[in-house]
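Student: I would like to learn how to read a model of this kind, one feature at a time. Please begin with a single residue and work outwards.

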Amino acid sequence: MAIDFTLTKEQKELQKMARDFAQKVLKPIVKEADACPDPWKGFLMTKKAYEKAYELGLAYAFVPKEYGGAGVSNVDTQIAVEEICAVDPGFGCTLLVNGLGLMPLIWWGSEEQKKKWLTKATSDPDKDFIVSWVVSEPEGTANFDHPGKHPCGMQVTADYDKSRGEYVINGRKMWNSNATGWDQKGADINVVVARTDRSKGGKEGLSVLIVPRGTKGLRVEGILNKLGHRLTVQPRIIFENCRVPAENLIAGTEGNGDLAITKAFTWSGPVAGIAAVGVMRSAFETSLSWAKEYAAGGSQPIIHHQNVGYLLADMKMRIEAGRYLSWRAAHYLDQHDSEGMEAGALSKIYCGELSIEVINDAMRLMGINSYIKDYPLEKHMRDALCFPIYDAGNMGMQRRRLHGIMAHESYNPMALAQNLRQQFVKAMHGIDADPGHAVAGVTGKGKRRECASVSS
Amino acid sequence: MRICVLLKQVPDTSARLQAVGLEPLFGGCLPVVNPYDEFALEAALRLRESGAAVHPSPVPGGPGGPEGSCEIVLVTLCAAPVEEAVFHGLAMGADRAVVAEPSSGARWTPLETGRVLAEVLKTLGPDLVFCGEKAADDEAAQVGPIVAEALGVAQVCGVESAALELPGPALRARCRRGNSFHEVSCGLPCVATFLRGPALPRYPSMADIFSAKEKPVHRIPVSPARVSALRRVSLTAPPEERGRKMIRGGAREAAQALLDLIDRSVDCRA
Ligand SMILES: Cc1cc2nc3c(=O)[nH]c(=O)nc-3n(C[C@H](O)[C@H](O)[C@H](O)COP(=O)(O)OP(=O)(O)OC[C@H]3O[C@@H](n4cnc5c(N)ncnc54)[C@H](O)[C@@H]3O)c2cc1C
């Protein structure tokens, strides 16, 4: 494709639809839901908006058409997500996690599994079907690919009970968006990463299982009370001898749970990136109109001060840079079947961290009034502080992934610019996960070796 | 039955107008469907969904829609590209569009526009023609009545909501006149012009949007009969907005401060 940033007719229409939805359906509830001291009540306030989003196809747009979704591209998703997150990124997160959970099924599921679960998600007469992506754990998540066997890395186990043809899941998870469902009885589908082989490390021992709502032994408790992103909900989950049939293991993920984690968090990278752009954009618009109206006791609105104009210029150039990096990362994922682990991480890290700088500038511009709840900047800042640490944290997961990719001998620094497919391989996992154990063979010197040297 | 909905693309209604010579300039704003036309299209979609609009076409011998179905056709005339507006109408649920493309980019007066649209409509044989009462850019409020006149059919103006009376069929419309309402019944074919009503225009879903590109858009060249004596002699942009005043404090103090301000401004004018 030639480089062309012109939106298609469909993308312009999608942008308009998402903007109308965000401004007219979502916005009226945001202030109250954000301010609600009880995070559960705040989440419940979003239910009507979620149902409308479901009706409009926003909740499962990424699902291929043959399973009832809209089959939209990653670039199309960018257009809609920016509009929603410019109003509230917490609500955007609720929608995003449907994708985080179902994309591994789309990539690795058998035809039968896809028909069963995806069609269920897209044809809910109640319009509130919700999916949870269950990875994070209370004792840490970043080192999911730790080469050590259980209890290193992911601690939730799924032991196979041969006599009954079932997996038995035990352990605790935490932070899993949507896992409450709408009644604290669980999401409609929980897509759970667990250790299916206790004797193996994170690169061989993890798999992904589908645990439907109502499965005995799955309990949700303790809603987390967050600083920002208050319209989305994260509980703790407890698995106690929770049994699912063997057919609920997503077919191609057996022993590849690590790849599922990385690919899902790659897919969501540009989405989180553009979510941060949406928030920055709102902060910019707030400070621009403030600068044109507020005189701070002077005789002219403060936009006539040079420092105000220069701050606006600095903010704007960073927002635009972030937007196009996200679009490009999404475009790269579209072109390479989501094998864009470098692109996804770059846009997620860059935009998330940038958003805090940009909102900080917006607050410096607006001055002390930015610090009170009467104006939107304090919320933008609370929301933005989440971007670098959620959706696979920028330090322990995203940068570490980039480190693994770049250290690998196959790494081509021009692959992204030249739109070449860069296949992610397991050898790129495990780097830095176990300090003191240097990962062998990733410097390009000598023969490559798997970094499983410490796994058993 | 066939319902034709006239559609005009206008600049985003929140855009600030600048006057350069005789042409308005709307820098950097998005083109949108004239909001009143959106209400007209929504009314057409609801008529179809009510099931009543599938009644066989009453247009005698005319090429009305096939019996047992209701087709909604967008009709637009525009020298500038109207892709966004037409696409939006199709995504909302219209079946197809006819775009009349003038040979020159010259500005058309409402009379010329109305007559050309009527010529296009004659080839379509609609049972109903719906459009906005006025366009949000020039607010002329002439095209609907001119189309009705040129087609030689009845017109119902200022409609807020509409239904079909069966048998007949006839259009039953609730119309606004200032603060009062009246209901009329009008035999078909007829032209109805719409105001903002209680039925808000729908948002197209993702699936609607991505299937809209399959819907047919016919382009037909037209040239105006230069019939109008109307011409623009000057154009003035609205005055710069006056300085705003922020009122701070709790609801009670803010309300009092606002009342004081209003009192003072009324005093000044008296
Ligand atoms: C709004 C929101 C929604 C979320 N939704 C979900 C969800 O749907 N599903 C889900 O499973 N989780 C979810 N999470 C959790 C989120 O995905 C976290 O990013 C994830 O748990 C990883 O966090 P972490 O990197 O801080 O991990 P931790 O393991 O807690 O690591 C903490 C820190 O330790 C350091 N560190 C650890 N190991 C290394 C290492 N090897 N190298 C370098 N530094 C290291 C890093 O500084 C890292 O930041 C959500 C969180 C929030 C706030």
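Student: With which side chain does the side chain of K426(A) make a polar contact of 3.0 Å?

Tutor: A polar contact is a pair of N or O atoms within 3.5 Å; within protein, one must be able to donate a hydrogen and the other to accept it, and residues adjacent in sequence count only if both atoms are side-chain atoms. Here the partner is the side chain of D258(A), at 3.0 Å. The side chain of N256(A) is also joined to that of K426(A), again by a polar contact of 3.0 Å. Before going on, note that this is a predicted model: local features need pLDDT of at least 70, side-chain atom pairs count only at pLDDT 80 or more, and totals for chains, interfaces and linings use all residues. Residues are numbered from 1 along each chain as its sequence is written, chains are lettered from A and ligands numbered from 1 in the order in which they are written, and side-chain values use heavy atoms, with hydrogens and water left out.

Student: Is K426(A) buried or exposed, and where in chain A is K426(A) found?

Tutor: Buried means under 20% relative accessible area, exposed over 50%, and partly exposed in between (1.4 Å probe, protein chains only). K426(A) has a relative accessible area of 18%, so this lysine is buried. K426(A) is found in the segment after α12 of chain A; helices (H or I, at least four residues) and strands (E, at least two) are DSSP runs numbered from the N terminus.

Student: Which contacts does the side chain of Q398(A) make?

Tutor: Q398(A) is a residue of helix α12 of chain A. Its side chain reaches the backbone oxygen of A392(A) at 3.2 Å. A polar contact of 3.1 Å links the side chains of Q398(A) and R401(A). Q398(A) counts as buried because its relative accessible area is 0%.

Student: What does α12(A) contribute to the shell around the ligand?

Tutor: For a shell, a residue is near if one of its heavy atoms lies within 4 Å of the molecule. α12(A) supplies four residues, the largest share of the shell around the ligand. In total 25 residues surround the ligand, and W133(A), S136(A), T141(A), N143(A) and S177(A) come nearest.

Student: Which polar atoms does the ligand meet at V135(A), T141(A) and N143(A)?

Tutor: At V135(A), a polar backbone atom is 3.0 Å from an oxygen atom of the ligand. At T141(A), a backbone N or O atom lies 2.8 Å from a ligand oxygen. At N143(A), a polar side-chain atom is 2.7 Å from a nitrogen atom of the ligand. On its own the ligand has 970 Å² of accessible area, and the protein covers 74% of this; such areas come from the Shrake-Rupley method with a 1.4 Å probe. The elements that give two or more residues to the shell are α5 (89-108) and α12 (394-407) of chain A.

Student: From which domains of chain A does the shell draw at least three residues each?

Tutor: Domain bounds come from an automatic or database domain assignment. The domains in question are domain 2 (131-255) and domain 3 (259-428) of chain A.

Student: How many aromatic pairs does a search of the whole structure find?

Tutor: Rings of Phe, Tyr and Trp (its six-membered ring) pair if their centres lie within 6.5 Å; planes under 30 degrees apart count as stacked, over 60 as edge-to-face and the rest as tilted. The search finds 18 over all chains. In one of these pairs, Y60(A) and F129(A), the ring centres are 6.3 Å apart and the planes are at 70°, so the pair is edge-to-face. Y60(A) sits in the loop between α3 (47-55) and α4 (74-87) of chain A, and F129(A) in the loop between α6 (111-122) and β1 (131-134), so the pair ties together parts 69 residues apart in sequence. Y60(A) counts as buried at 5% relative accessibility, as does F129(A) at 6%.

Student: Why is the pair of F130(B) and F194(B) classed as tilted?

Tutor: The ring planes of F130(B) and F194(B) are at 55° and the centres 4.7 Å apart, so the pair is tilted. F130(B) belongs to strand β8 (residues 128-132) and F194(B) to strand β12 (residues 190-194) of chain B, so parts 64 residues apart in sequence are tied together. Both F130(B) and F194(B) are buried.

Student: Which residues do ring pairs link into a cluster?

Tutor: The cluster consists of Y54(A), Y60(A), F62(A), F129(A) and W267(A).
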